Amino acid sequence: MAPKAGGDSAKVNSTVYKDKSKPTDIRLSNINAAKAVSDAIRTSLGPRGMDKMIQAANGEVTITNDGATILKQMSVIHPAAKMLVELSRAQDIEAGDGTTSVVVIAGALLDAAEKLLQKGIHPTVISDGFQKALQMALQVVEGMSTPVDLTNEDALLKAAATSLNSKVVSQHSTILAPIAVQAICTVMEPIPGGVGARVDLRDVKVIERIGGTVEDTELVQGLVIPRRPANVNGPSRIEKAKVGLIQFCISPPKTDMDHNVIVSDYAAMDRVLKEERQYILNIVKQIKKAGCNVLLVQKSILRDALSDLAVHFLDKIKTMVIKDIEREDIEFVCKTLGCRPIASLDHFTAENMVTVDLVEVVNEPAGKYIKVIKH
């Protein structure tokens with residue numbers, strides 16, 4: 001009598017489910033991948049830690065001993081190893097320091113878990129043990145912690161200097177630590193009815209300039225725009241300036257659809273140029289009427305945000321123009337200066353603008369940039 005086909009498949013399935021080696025192998029593979037990442041950055045930990053030189057695919061070289069930076073530059077493929085990269089990134093976002101330590105501790109815990117697995121202890125039991133250890137560790141850490149008063153600047157300076165000691169710029173910590181503390185204290189928002197404060201690091205912008213040294217680093221209470229003004233003969237320094245941020249163009253309007261306008265005679269051409277001149281002149285008159293003398297113009301994706309004629313008129317009324325403000329920077333500019341973006345000419349009024357202490361153009365070997373100081 002021939003055996004049934006179903007019986008064979010049932011027999012095969014039973015052998016698959018009895019095979020306990022596969023889950024163990026996967027578990028060990030995950031632990032070894034995560035330990036490999038931990039071992040790679042262990043040597044960069046501590047005061048005697050060594051810097052890592054990382055070469056990117058495009059040939060760019062980065063020298064650092066910051067765990068988050070090293071892991072960001074490394075191309076990690078294994079999913080378990082990727083979790084350690086995410087762990088380091090989360091630590092960087094949450095605390096801003098201890099990015100290497102957190103990965104090394106995770107590697108050590110996985111090493112201990114591997115030894116327990118080899119003794120035959122079930123993974124769930126090990127996981128429960130880690131949870132209990134976490135609760136006890138939190139109690140110990142909270143017991144030995146020292147509350148930091150956010151108004152105590154000396155304590156904050158010491159904390160900033162300590163975290164800089166392991167960085168490449170550690171010898172400049174006397175310059176950079178006060179700048180960092182002052183910047184954070186400026187953008188700090190106390191939690192209402194709670195302890196501590198809320199800080200959004202996106203409120204602090206770091207602008208790099210080629211050709212300077214670390215000693216040239218300065219904190220600007222306001223805005224730095226790393227480009228030159230659009231004016232030809234406009235002012236380079238304005239005190240008590242009235243700043244307006246516009247999201248419309250000061251150039252001849254375009255048709256909504258892709259049309260061509262054919263001009264057949266000189267009289268019609270003169271009329272077109274006259275209309276263009278009148279259109280731009282009306283906008284510039286409104287800008288002057290509102291008292292604006294520093295104009296920020298959002299970058300336009302459809303056409304040039306500023307025509308040559310507009311630049312000429314704005315030079316005449318002594319208004320500094322800064323064009324090509326990126327769309328994603330609009331929110332940062334508004335929050336920093338306290339102004340509102342103006343989307344149409346009808347809303348270009350004095351109440352939608354803001355007064356700042358100083359706007360000046362700074363000349364440097366690397367090029368010009370604009371500094372807007374608002375105390």
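**Group meeting: contacts, salt bridges and enclosed space in a predicted model**

Setting aside neighbours within four places in sequence, P123 is in contact with R27 and L117. I begin there, and I should say at once that the structure before you is a predicted model.

P123 belongs to helix α6. Its relative accessibility of 26% makes P123 partly exposed. In sequence, P123 and R27 are 96 residues apart, while their C-alpha atoms are 9.5 Å apart in space.

Let me turn to helix α2. The 22 residues of α2 should span 32 Å at 1.5 Å a residue, and the end C-alpha atoms are 31 Å apart, so the expected and computed spans agree. Which residues of α2 are buried? They are I31, A33, A34, K35, V37, S38 and I41. The cover over these buried residues includes α3, α4 and α5. One of the buried residues, K35, also takes part in a network of salt bridges with D111 and E114.

The helices α2, α4, α5 and α6 come together again in the second largest pocket, where each supplies at least two lining residues. This pocket has a volume of about 770 Å³. Its lining comprises 23 residues, and A106, L109, L110, A113 and F130 lie nearest the centre. Which helix gives the most to this lining? Helix α6 does, with eight residues. By class, the lining of the second largest pocket divides into 19 nonpolar residues, three polar and one charged.

Next, the enclosed space. Rolling a probe the size of a water molecule over the atoms shows where empty space is left. How many cavities of 30 Å³ or more does the structure hold? It holds one. The largest cavity contains about 40 Å³ of space, and its lining consists of A68, L71, K72, V85, S88 and R89. Helices α3 and α4 are the elements that give two or more residues to that lining. In terms of class, the lining of the largest cavity has three nonpolar residues, one polar and two charged.

I now come to the salt bridges, of which the count is 13. I shall take three pairs in turn.

The first pair I show is K335 with D203, whose closest N and O atoms are 3.2 Å apart. K335 lies in helix α11, residues 330-337, and D203 in the loop between β4 and β5, so this pair ties together parts that are 132 residues apart in sequence. K335 is exposed, with a relative accessible area of 52%.

The next pair is R209 and E364, whose side chains meet in a salt bridge at 3.3 Å, N to O. Here too distant parts of the chain are linked: R209 sits in the loop between β4 and β5, E364 sits in strand β10, and the two are 155 residues apart. Are these residues buried or exposed? R209 is partly exposed at 28% relative accessibility, and E364 is partly exposed with a relative accessible area of 31%.

The remaining pair is K299 and E326, with an N to O distance of 3.4 Å. K299 is in the loop between β7 and α10, and E326 is in the loop between β8 and α11, 27 residues apart; this pair also links distant parts of the chain. K299 is partly exposed, its relative accessible area being 38%. E326 likewise counts as partly exposed, at 26% relative accessibility.

I close with backbone geometry. Most residues other than glycine have a negative phi. Against that background, two residues deserve a look.

The phi of K240 is near 50 degrees, a positive value in a residue other than glycine. K240 is found in strand β6, residues 237-246. At a relative accessible area of 58%, K240 is exposed.

D324 is not a glycine either, yet its phi is positive, at about 60 degrees. Strand β8 is where D324 lies. With a relative accessible area of 26%, D324 is partly exposed.

To recapitulate: α6 holds P123 and gives the most to the lining of the second largest pocket. Helices α3 and α4 contribute to the lining of the largest cavity. The salt bridge of K335 and D203 ties together parts 132 residues apart in sequence, and that of R209 and E364 links parts 155 residues apart. Finally, K240 and D324 have positive phi values.

Notes. Residues numbered from 1 in each chain as written. Predicted model: local features only at pLDDT ≥ 70, side-chain atom pairs only at ≥ 80, totals over all residues. Heavy atoms only, no water. Salt bridge = Lys/Arg side-chain N within 4 Å of Asp/Glu carboxyl O. Helix = DSSP H or I, 4+ residues; strand = E, 2+ residues; numbered from the N terminus. Buried < 20%, exposed > 50% of the residue type's maximum accessible area, 1.4 Å probe, protein only. 1 Å grid on protein atoms, 1.4 Å probe; cavity = no way out; pocket = protein on both sides within 12 Å on 5 of 7 lines; lining within 4 Å. Points joined across faces, edges and corners; volume = space filled by probe spheres on them. Nonpolar A, V, L, I, M, F, W, Y, C, P; charged D, E, K, R; others polar. Expected span 1.5 Å × (residues − 1). Contact = heavy atoms within 4.5 Å.
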